[in-house]
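Colleague: I'd like to learn how to read a few features off a model. Could you walk me through them?

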Amino acid sequence: MGKGKRREARERAVQFLFQYDLNPPEDLEEALREFWETQRLAALAEKGGPTWGQPVELPPPTAEEIEIREFAEPLIRGTLAHRDEIDAKIRQYALNWDLHRMAVVDRNVMRLAIYEMLYREDIPPVVSINEAVDIAKKYSTPESGKFVNGILDRIKNDLMRPARTVT
């Protein structure tokens, strides 16, 4: 999978985590199914213009959509499975910041990156940090990139694995 597709997958993962953070669903499987369907409907609407309330028949997912989902979904599930531990790391390194007073986008961008840094040895930590900083800049405030980078860099320095290579 190319770099651009992984970025898109991470952006989708952050979008789901954001949504989950603000409105936790009762059924994760159903929420994921609805999320991916909504993503496909939005992409289809972009290509074909308005349907004026007509039902839309979704074509089968493209190879690209499948590839993005296959990279994003384990990130989403892993981040949610380890969220308490990840939030404890954020609290440990975000001095003088209450987790729930952070921008929701920033909090979820960091959760995803920390999950990758702690549990995805196939992704170098510096890649996780660079991706997180870029996503924070794109979807949050102008200062978010610096904020996210500062916390993630401190966490990276305490990791027991190389920052630039896959183990």
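Colleague: Let's start with one side chain: is Phe147 buried or exposed?

Modeller: Buried means under 20% relative accessible area, exposed over 50%, and partly exposed in between, with a 1.4 Å probe and protein chains only. Phe147 has 18% relative accessibility, so it counts as buried. A word on the source: this is a predicted model, where local features need pLDDT of at least 70 and side-chain atom pairs count only at pLDDT 80 or more, while totals for chains, interfaces and linings use all residues. Residues are numbered from 1 along each chain as its sequence is written, and side-chain values use heavy atoms, with hydrogens and water left out.

Colleague: How many aromatic pairs does the structure hold?

Modeller: A pair of aromatic rings is described by the distance of the centres and the angle of the planes. The cut-offs: rings of Phe, Tyr and Trp (its six-membered ring) pair if their centres lie within 6.5 Å, and planes under 30 degrees apart count as stacked, over 60 as edge-to-face and the rest as tilted. The structure holds 5 such pairs. Take Phe35 and Trp36: their ring centres are 5.1 Å apart and the planes sit at 75°, so the pair is edge-to-face. Both Phe35 and Trp36 are buried, and they form one aromatic cluster with Phe16 and Tyr20.

Colleague: And which residue forms an aromatic pair with Phe147?

Modeller: That's Trp97, in a tilted pair with 4.8 Å centre to centre and 55° between the planes. Trp97 lies in the loop between H4 and H5 and Phe147 in helix H7, so the pair ties together parts that are 50 residues apart in sequence. Helices here are DSSP runs (H or I, at least four residues), numbered from the N terminus. Trp97 is partly exposed, with a relative accessible area of 44%.

Colleague: Which residues touch the most other members of the largest nonpolar core?

Modeller: In soluble globular proteins, nonpolar side chains tend to be buried together. A nonpolar core is a set of buried Ala, Val, Leu, Ile, Met, Phe, Trp, Tyr and Cys residues joined through side-chain atoms within 4.5 Å. Here the largest core has 41 residues, and Ile76, Ile90, Val109, Met110, Val148 and Leu152 touch the most other members. Two or more residues come from each of H1, helix H2 (28-48), helix H3 (63-81), helix H4 (83-93), H5, H6 and helix H7 (144-157). H5 gives the largest share, 8 residues.

Colleague: What does Val109 touch?

Modeller: Contact means heavy atoms within 4.5 Å. Leaving out residues up to four places away in sequence, Val109 touches Val14, Ala132, Ile135, Ala136 and Val148. Ile135 is in helix H6 and, at 2% relative accessibility, counts as buried. With the same neighbours left out, Ile135 touches Arg7, Arg10, Glu11, Val14, Val109 and Ser140. Ile135 and Glu11 are 124 residues apart in sequence, yet 6.8 Å apart C-alpha to C-alpha.

Colleague: Last one: which residues line the largest cavity?

Modeller: On a 1 Å grid over the protein atoms alone, a cavity is a set of points where a 1.4 Å probe fits but cannot get out, and lining residues have an atom within 4 Å of a point. The lining is Arg10, Val14, Val109, Leu112, Ala113, Glu116, Ser128, Glu131, Ala132 and Ile135. Helix H1 (3-22), helix H5 (104-119) and helix H6 (125-139) each supply at least two of these residues.

Notes:
On a 1 Å grid over the protein atoms alone, a cavity is a set of points where a 1.4 Å probe fits but cannot get out, and a pocket is an open set with protein on both sides within 12 Å along at least five of seven lines; lining residues have an atom within 4 Å of a point.
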